[in-house]
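Got the viewer open? Let's take a short walk along the chain, one selection at a time.

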Amino acid sequence: MGRAVITKTTTCPTCRAVPTKDGNKAYPFCCERCQLIDLGRWLDERYRIPGEPVDPSEIDPEGTND
Ligand SMILES: [Zn+2]
């Protein structure tokens, strides 16, 4: 049985480039620019969603939770 070598290459979520880990403050992004692009995309999606999904069991419409 050979040793399973899992080579999982981390790629920049924005441009799929292989990021440098050493001294890279934006890791796992390849650069700060890609990090900002991804952050902007994430915020954009959040603003597009009217509200977060709520568990109906947590809603008490009559406020009689006493
Ligand atoms: Zn990138």
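**Stop by stop**

Start by selecting Arg 16, which sits in the segment before H1. Keep in mind as you click around that this is a predicted model. Check the backbone torsions here: phi of Arg 16 is positive, about 65 degrees, even though the residue is not a glycine. Is Arg 16 buried or exposed? Arg 16 counts as exposed, because just 9 C-beta neighbours fall inside 10 Å and the cut-off for exposed is 12 or fewer.

Next, select Thr 10, another stop in the segment before H1. Thr 10 has 12 C-beta neighbours inside 10 Å, so this residue counts as exposed too; the cut-off is 12 or fewer. Which residues is Thr 10 in contact with, once neighbours within four places in sequence are left aside? Those are Pro 19 and Pro 28. Now add Cys 30 to the selection and draw a distance between the C-alpha atoms: Thr 10 and Cys 30 are 20 residues apart along the chain, and the separation comes out at 10.0 Å.

From there, hop to Pro 28, one of the contacts of Thr 10. Pro 28 also belongs to the segment before H1. Show the peptide bond between Tyr 27 and Pro 28: this one is cis, with omega at about 10 degrees.

Now switch to cartoon view and pick residues 32-48, which form helix H1. From first C-alpha to last, the 17 residues of H1 reach 24 Å, close to the 24 Å expected at 1.5 Å a residue. How many residues of H1 are buried? The count is one, so H1 is hardly covered.

Finally, zoom out to the whole chain. You'll find one helix and zero strands. Of the 66 residues, 8% are buried. Take the contacts between residues at least 6 apart in sequence, and 6% of them join residues at least 24 apart.

Key. Residues are numbered from 1 along each chain as its sequence is written. This is a predicted model: local features need pLDDT of at least 70, side-chain atom pairs count only at pLDDT 80 or more; totals for chains, interfaces and linings use all residues. Helices (H or I, at least four residues) and strands (E, at least two) are DSSP runs, numbered from the N terminus. A residue is buried if 20 or more other C-beta atoms lie within 10 Å of its own, exposed if 12 or fewer, and partly exposed in between; C-beta atoms are placed from the backbone. Two residues are in contact if their C-beta atoms, placed from the backbone, lie within 7 Å. The expected span of a helix is 1.5 Å times one less than its number of residues.
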